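Colleague: Please take me through one part of this model at close range, in a single go. I would like to understand how its pieces fit together.

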2 protein chains.
Amino acid sequence: MKLSEAKQQFISSWGAFGTQWGINRTMAQIHALLLVSINPLTQDDMMEELSISRGNVNMNIRDLIGWGLVDRVIISGERKEYFTAEKDIWKVATQIIKERKKRELDPMIKLLSQLENIDDDKKDKEVQQFTQVVGSIKKLGLQADKTLDLMIKADENWFTGSILKMFK
Amino acid sequence: MKLSEAKQQFISSWGAFGTQWGINRTMAQIHALLLVSINPLTQDDMMEELSISRGNVNMNIRDLIGWGLVDRVIISGERKEYFTAEKDIWKVATQIIKERKKRELDPMIKLLSQLENIDDDKKDKEVQQFTQVVGSIKKLGLQADKTLDLMIKADENWFTGSILKMFK
DNA sequence: TTTAAGTTTCAATATATTTTGAAAATTCAG
DNA sequence: CTGAATTTTCAAAATATATTGAAACTTAAA
């Protein structure tokens, strides 16, 4: 397969993959494009490469910066802004985990904690069932939270296998 | 908080939470409703509780069955079909992991493997960068695959903490 | 069989999300 | 300052996704 063909394929598949995970297709594609670009790109480069509008690039780039996956780069002598993506995939993964945890898992646990306190008769089967389900989801959430914190703090070995080999 | 209020809140929040993860809101709500229902429900029950159409319930229930999260229940003497959800959250989580792995992770790894073989000059910086990125994502994917397999096979202790405590 | 209850399908419709593009705002060289 | 280059915003349009509801289909009791 030719490089140009493979790049296209990677970018478009990464976009499709992203949508399955609640990530906007264009954002995923911009990220993919920056991942495989050696040099930082301008917004115009991305408009051109992905055939999308200026506004679209601008909004999604800002989102990606908000996710900590893309950085602005100043190139001296250049008026335009350039953008680059972190290339270390382990860092990318931990950054995504960190953000999703903060944005989604933490609020979910907070909500479940509130729902655990039911005023009605604790003897009621319905009440018991509800608090059991909510409580166990919360417990799972808390454990996931701890585990992910460990992963974030740990070095790459956590995932590349040396630790987990112990359980095989 | 009253049970009825908490139930409503749980169902609607679960739906909102699901959409962030690429799961259709109604599907997540139906699942939530079944999780907190002691007795199996009919499609009519769900239409009523969630104020949604018959077709919508039917399609999403079928999806949930496809995900292995909901089962049809036959109640003798009754003509209608009833539905119930697995209440053990650990089982629910492993089932979701198993399915997403099969539907998304495995195809992704397959794709990345294809993209690793670039015909162009291996000395080219662009080619090196591309194969490096694709290769490292694939490596991460393979490791995630292994880890998730371990989780799926392991008993609940994997997540409830006794194993992971070793790393603190 | 017949037929009524129950289930499934899917084209049409509604809703939600993404994208565009041009105007407004900002930045900076001269 | 001034104004051209660049970035940002956001209402309108386009696209994608979810929902409806009625017709078609299936099932099983009479």
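Modeller: Let's look at the surface near DNA strand D, to which α4 (54–66) of chain A and α4 (54–66) of chain B each supply at least two residues. Helices here are DSSP runs (H or I) of at least four residues, numbered from the N terminus. This is a predicted model, in which local features need pLDDT of at least 70 and side-chain atom pairs pLDDT 80 or more, while totals for chains, interfaces and linings use all residues. Residues count from 1 along each chain as written, chains are lettered from A and ligands numbered from 1 in written order, and side-chain values use heavy atoms, without hydrogens or water.

Of the two helices, α4(A) is the one that gives the most to this surface, with 5 residues. In total, 18 residues surround DNA strand D, where being near takes a heavy atom within 4 Å. Those that come nearest are drawn from both chains: Asn58(A) and Glu81(A) on one side of the list, with Thr26(B), Ser53(B) and Arg79(B) on the other.

What is the make-up of the surface near DNA strand D by class? Polar residues number 9, charged residues 7 and nonpolar residues 2; Gly counts as polar, and the charged class is Asp, Glu, Lys and Arg.

Turning to the DNA, sugar or phosphate accounts for 67% of the atoms of strand D within 4 Å of the protein, and bases make up the rest. Three polar contacts (pairs of N or O atoms within 3.5 Å) show how the phosphates are met. Two of them use the protein backbone: an N or O atom of Ser53(B) lies 2.6 Å from a phosphate oxygen of DNA strand D, and one of Glu81(A) lies 2.7 Å from a phosphate oxygen. Glu81(A) and Ser53(B) are also among the residues that come nearest to the strand. Arg62(A) uses its side chain instead, with an N or O atom 3.2 Å from a phosphate oxygen of DNA strand D.

To place the chain A residues, it helps to have the domain assignment, which gives domain 1 (3–85) and domain 2 (89–167); these bounds come from an automatic or database assignment. By that numbering, Asn58(A), Arg62(A) and Glu81(A) fall in domain 1. The C-alpha centres of the two domains of chain A are 31 Å apart. Where they touch, 8 residues of domain 1 are in contact (heavy atoms within 4.5 Å) with 7 residues of domain 2.

Notes: A polar contact is a pair of N or O atoms within 3.5 Å; within protein, one must be able to donate a hydrogen and the other to accept it, and residues adjacent in sequence count only if both atoms are side-chain atoms.
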